[in-house]
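Visitor: I should like to take a close look at a single part of this model. Please guide me through it with care.

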Amino acid sequence: MTVRHSKSLRLAFLATATLMVAACGSSSTSKTTTAATAAATTAAGSTAAASTVASTAAAAVAGGSTTTAASAAGTAGGTAGPASGKPFIIGINADTTGPGAPYSVPAFKTVQSTVDLVNSQGGVLGRPLKLVQGNDESDATKTPAVLAQLKDKGAIFLLSQQGAATPNALIQSTGLPFMTVTGVTADAAMPPNNTYGFVIANPLTQWAPTFCASFKAANVKKVAILAEDSATIKYLNGVLLKTMNNCVEIVAQEVAPINSSDLTAPISRIKGDGADAVWVTSSGGPFEVLAFNTLAQLMPSVQKFTLASIANEPDIWKLANKGALNGVVGLGSLNDANVQTQKLREILKADRGADFVPTAFDAQAYDAVMIIKYAIEHANGDTSPQALVASMETMSAYPASFGAPGYTLSFSPTKHTAFSGECGIVMVQFDQTNTPKAWPVYQPSC
Amino acid sequence: MDQPQLWVSALTQGSFFGLLGLAYYLVLIGAGFFNIAVGAYASLAGLLTSWLVVEKDFSLWPAIAIALAVTVVVAGATELLVVRPVQRRGRGSELAALVSVTALLFVIAQFAGFEFGYTTLPGQQLLDIEPVQIGGAIITANALIMIVLTFAIFLLLAMLIRTTRAGRLLRAVGDSNPVANMLGLPVHRVRLIAFLLCGLLAGVAGLLFSSQAGVSSSSGLGWAISGFLAVVIGGAGNIIGPLIGGIVLGMLQIFVPYYWGGNATNIVLLVVAAAFFSLRPQGAFAQRVRV
C-alpha cells in the first residue's frame, strides 16, 4: 500500500471504528419488552368486542357497577353515525422508530385503525376518540418527557406500545390510567404503586410452565437452545430457564449475534449434543428465519421450538426457505376457533385488505382501544383519572380477541392484570406453507 | 475444521466479503479513496431487487437489471455529486470526502428504508434449484454462484488491471491524481469508471448475499465494515488481497464461534483487525515499490 493509501486507510479506519461503535450502541438499547415479549403478550390479549364494532355502535350505555362481557360490548356504542363534539384524547407512547419499531408499528397501526373505526360508528358517547402519539424510541431516558408531553396534549388515558417497560413510579407520576398494549412484564400493574397501571397480556411467568407442558406432550426430554445475543433474550432466558431446568435437560446453549448472516457454526455445535429438540429464542426477524433455514438443512429430523416472536411476524414468514418452518412449535396468540378472533380477522381485513394477516399485536391493540372505550362509557363520560380507574376495575369477563375460545379478561380493584388463565396463550405449529396453526398436541387450559 | 459444511459457509461468507473488499479496492487504486458507501450500494441492490419482485411483482431478471443499473448510477453520482465537489472545495482533502461519503451511507440507508420499508425483505434465489449435497456439505445455488462468480471476477479483473491500458490508467490515476493530471491522463473519466465498477461489484455481492438472511435498509452498515476489514486484512497492494482478506474474515466468522462460541467472534475480529492495523497496516499483500 502506498503512503497515500495508508493515510486513507487510517482515516477510513477511524470512520469505521466510529460506525462500529454507533452500530453497537443502537443494537443494545432494547430492553425487557421487545419483539419476543410483545409476541408473548399477544398470547394474553383480550378483546372487548363480544359483538362486532357495528353492534357496539348501536348499543346503549350500560350502568351497572360490574359489567359482564356482553354488557362490556354493549356499552360500546354512542349514537350511530360519525362521532362529533369534543374528543376524548388517548395518548400513546409508540416506538415507530428505534429498536422496538418492528413490533410497535403494527400495534400502533391497529390502535389507529380501531380509533377510526370507533369514530366512524358513533364514537364514545357520541364523541370521537383522538389519538396523540409520542415516541421514546425504546429509550427509557426519553420516556418521562414523552409521557409529560402526551399529558400536556390533553390525554385522559395513556397507552404504552414501546420497547422499554415503564417504571411504576413514572406511571404513578403521570396521574393518568396507563395500559400496556403488548408488554408481558406485569410489573406495571403489580402492587405497590399500581393505582394507574393496567396490563392485558399473559405474564412472562406463565411461559415456562407452558413450554414445560409442551415439551412433555411432545415427549421431549433433552433440549438444545440457540439464542440471539441481546439483552432482551438474555433476560427472558434467565427467567424461563429457572423453571425449565426442572422439566427438561438443557444439553446445549449456543449464542449468536443478532445480525448473524450464517448460523452454521452454532448449529453444528448443537448437532452432536443429542438433543430431542432445538429451542430458538430470539426477538424474531431475520435471526429466527436464518436459524430455522439452517436447522432445516442441518438437523431436519429434530423437533424445533421457537419462543414466540415469529408467530406474530407474517412479513417474516416469507423470508424462510420453502418448508423451513414446517413443524416449528411456539407461543402464538390467535386461535381461529375463538369467535372473537374470527371477528377481529374480518374487521381488520375489511380495513387493511384481504391479504392482511392479523397477529397478537393487532388483537391486543384492538382490545386496548375497546377497553378504553368501555371505561369511558362506564364512567358516563367522567374523564377524571379516578373515575376511569374505577370504571376499568369493574370490567369483568371481557371476551378476548385472542387466546382459546371463551378466553376472557377482567380487572378488579385488587387486580390490574387482565389475564384470567394460561389459555390466553395459544401454542401454534407452522405447516408446510410456513403458516402457523393451533398445535394439536397441546394447548394450555383455562 | 474437518466439517465440510463449515468450510462451505466460510467460503460463502469470505466470497461476499472479498467482493465488497474488491469494490473498495477499485476506488482505492483508481481514486485513492476509501469509499465507505460500498455497503450501502450492496444493500440498495439487494433491497431494490427484492422490493421489485415481492412488492411490485417484477420478474427476477428485469428486477436485477434495474437494481444493478440504479446502484451503478448511485455509485457514479457519489463521485460526481459528492466526492469530486467536496475534494475540489477542500483542495483534495480526503477527510472531508470520507465524512461526506460516510454521511451518504446513512442517507442511502434512510432513503431505502423510507422507500422500500424498514422491515427485512427476502433475498432472491437466482436459480430455482434445490440445494445440492457435495461431500457431506449442503450447498445452495446462491452460495455456489457466489463462490464461483467471486473467483471468476477476481481472475478477470486481475488480468484486466495488469495487462490492459485501462488497468494501468486506473493504477496511475490512483497513485497520484495531480501527477496523472500533469501527464494529461483522463483522471476524471478513470475515477468515474472506478466508482461505477465499485457500484456494480457491490450490487452483485449484495443481491447474491441477501438470500442468506434477507436484506434491510440497515444491512449496509455491517456490510461496509466487513468489506473494509477484508481490505485491512488482505491489503490493497495486490488485487488478490481483498479476496484473501475476505476469506480469512469468513473463516473467522465461522470457525471462531464453532470452537469458542458465539460471544468470542467479535472479540477475535477486533483483535485481528487491531493487530493488522497496528502491526501491518499495509495488510497481508503490500505494494512493492522499486527504488
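Visitor: Is Met159(B) buried or exposed, and why?

Guide: Please bear in mind that this is a predicted model. Met159(B) is exposed, because 12 other C-beta atoms lie within 10 Å, and a residue counts as exposed when that number is 12 or fewer. The residue belongs to helix α5 of chain B, which covers residues 141-163. Along the chain, Ile239(B) stands 80 residues apart from Met159(B), yet the C-alpha atoms of the two are separated by 9.8 Å.

Another helix of chain B may be set beside this residue. Helix α2(B), residues 38-54, is mostly covered, with 15 of its 17 residues buried. From its first C-alpha to its last, α2 of chain B reaches 24 Å, close to the 24 Å expected at 1.5 Å a residue.

Chain A offers a view of strands. Here seven strands form an open sheet with mixed pairing, in the order β7-β6-β8-β9-β10-β13-β14. The edges are taken by β7 (249-257) and β14 (436-438) of chain A; each has a single partner strand, so one side of each is left without a neighbour in the sheet. On average, neighbouring strands of this sheet are turned by 30° against each other, direction ignored. Within the sheet, β10 (residues 329-332) and β13 (residues 426-430) of chain A run antiparallel and are joined by four bridges. Gly332(A), for example, has Val426(A) in β13(A) as its bridge partner. Finally, helix α11 of chain A, residues 286-298, lies across β6, β8 and β9 of chain A and runs at about 160° to β8(A).

Notes. Residues numbered from 1 in each chain as written. Chains lettered and ligands numbered in written order. Predicted model: local features only at pLDDT ≥ 70, side-chain atom pairs only at ≥ 80, totals over all residues. Pairing = 2+ DSSP bridges. Helix = DSSP H or I, 4+ residues; strand = E, 2+ residues; numbered from the N terminus. Axes fitted to C-alpha atoms, helices over the stretch in contact; angles between N-to-C directions. Contact = placed C-beta atoms within 7 Å. Buried ≥ 20, exposed ≤ 12 C-beta atoms within 10 Å, placed from the backbone. Expected span 1.5 Å × (residues − 1).
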